[in-house]
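Biologist: Can you walk me through the charged contacts in this one? Let's get the ground rules out of the way as we go.

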Amino acid sequence: MTARPAPFVLAGHEVMPGARRVIEVPVSAFSDHTPVSLSVQVVHGRRPGPVMFVSAAIHGDEVIGVDIVRRLLRAKPLASIAGTLMAVPIVNTFGFLNHSRYLPDRRDLNRCFPGSPSGSLGARLAHIFLSEVVARADFGIDLHSAAIQRNNLPQIRLTAGNKRLLQMGEAFGAPVMMTSKLRDGSLRMAAEDMGVDVLLYEAGEGLRFDELAARAGVAGILRVMQQQGMIGARGVPKGRARPVLCDNSGWVRAGAGGLFRAWRGVGDLVEKGDVLGAIADPFGVAEVEVLADSAGIVVGRTNMPVVNEGDALFHIAQTKRPAHAEAALEGMEAHMEAQPLWDEDEII
């Protein structure tokens with residue numbers, strides 16, 4: 001007979017097996033003395049298993065992750081979870097309320113890890129999140145989007161050479177996986193230093209909801225949970241194609257300033273020399289074509305019609321397997337064609 005798990009303890013609060021509870025971890029206070037806390041919903045299973053965290057809005061304007069966490073917590077497979085899920089829909093409350101990527105002092109929270117209990121506001125928040133949540137987990141998924149005025153194709157970022165993350169990324173099933181270096185001060189670097197693997201999901205645009213990005217995100221998280229033995233297969237959308245692993249990527253930049261018209265979008269497969277768009281001056285006298293400098297998949301692009309010389313316009317991930325990439329992108333489109341398995345009563 002399998003032993004019943006012990007209560008899960010977070011910030012001094014107990015969550016019994018088979019229960020859910022929102023725990024408020026004190027962080028600080030706003031300047032008007034309103035308390036600020038880190039809200040964590042703990043879903044503690046009746047059966048033993050891994051401890052996983054899912055976090056969003058480390059950058060306060062990346063709201064798509066908040067919606068993904070909300071949908072995840074309503075997903076039916078969580079009713080029979082093994083192990084424990086810690087869901088943090090909003091890490092950076094300060095930025096979220098101000099519709100800003102940053103903290104009030106203009107610091108980027110994702111450059112403040114591992115933080116300090118006596119440092120800046122960002123350092124203190126990073127320390128609390130790392131010590132109270134991340135340190136309790138075996139692995140995690142951190143949800144992000146592009147910045148405002150840019151859009152990202154659903155994609156996974158992972159550390160090169162980490163076999164566990166590669167397997168988790170393949171299970172997630174986003175069309176593209178990209179190896180990404182660990183940056184000083186980032187959550188991923190601090191977590192890996194603690195032995196906690198973190199998969200990073202990028203999709204959509206800052207301050208915008210995106211139905212495709214949300215569905216792909218929830219489905220991917222559920223597939224990772226299934227792969228890790230936390231939930232069964234029932235109610236978990238099947239992956240349609242194996243993701244494409246890309247080791248290199250680069251931005252195509254504006255060769256001139258002016259009015260930008262884009263002719264290609266995220267998810268498009270392009271060849272070197274393809275015309276991606278054009279930049280014209282306001283009088284229509286001069287026009288400069290924007291050309292792809294490599295073959296690959298468009299994984300990000302600007303949404304701004306007014307650009308300056310040197311602005312980043314298209315992010316292209318290089319792949320040597322275009323046919324495989326096309327199959328993966330078609331699999332992503334199936335998320336929109338299939339009937340949703342959650343939020344049947346919603347239209348976003």
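Modeller: Asp67 and Arg71 sit four residues apart in helix α1, about one turn of the helix (helices are DSSP runs of H or I, at least four residues, and strands are E runs of at least two, numbered from the N terminus). This is a predicted model, where local features need pLDDT of at least 70, side-chain atom pairs need 80 or more, and totals for chains, interfaces and linings use all residues. Residues are numbered from 1 along each chain as its sequence is written, and side-chain values use heavy atoms, without hydrogens and water.

Biologist: How far apart, N to O, are the side chains of Asp67 and Arg71 in their salt bridge?

Modeller: Side chains of opposite charge can pair when their charged atoms come close. A salt bridge here is a side-chain nitrogen of Lys or Arg within 4 Å of a carboxyl oxygen of Asp or Glu. For Asp67 and Arg71, the N to O value is 3.1 Å.

Biologist: Is Arg71 buried or exposed?

Modeller: Buried means under 20% relative accessible area, exposed over 50%, and partly exposed in between, with a 1.4 Å probe and protein chains only. Arg71 has 2% relative accessibility, so Arg71 counts as buried.

Biologist: Which residue forms a salt bridge with Arg70?

Modeller: The partner is three residues from Arg70 in helix α1 (residues 64-74), so about one helical turn separates the two. Arg70 is partly exposed at 29%, while its partner is buried at 4%. With N to O at 2.9 Å, the partner is Asp67.

Biologist: Which residues are linked with Asp67 in a network of salt bridges?

Modeller: Asp67 bridges to both Arg70 and Arg71. The full network links Asp67 with Arg70, Arg71, Glu211 and Arg215.
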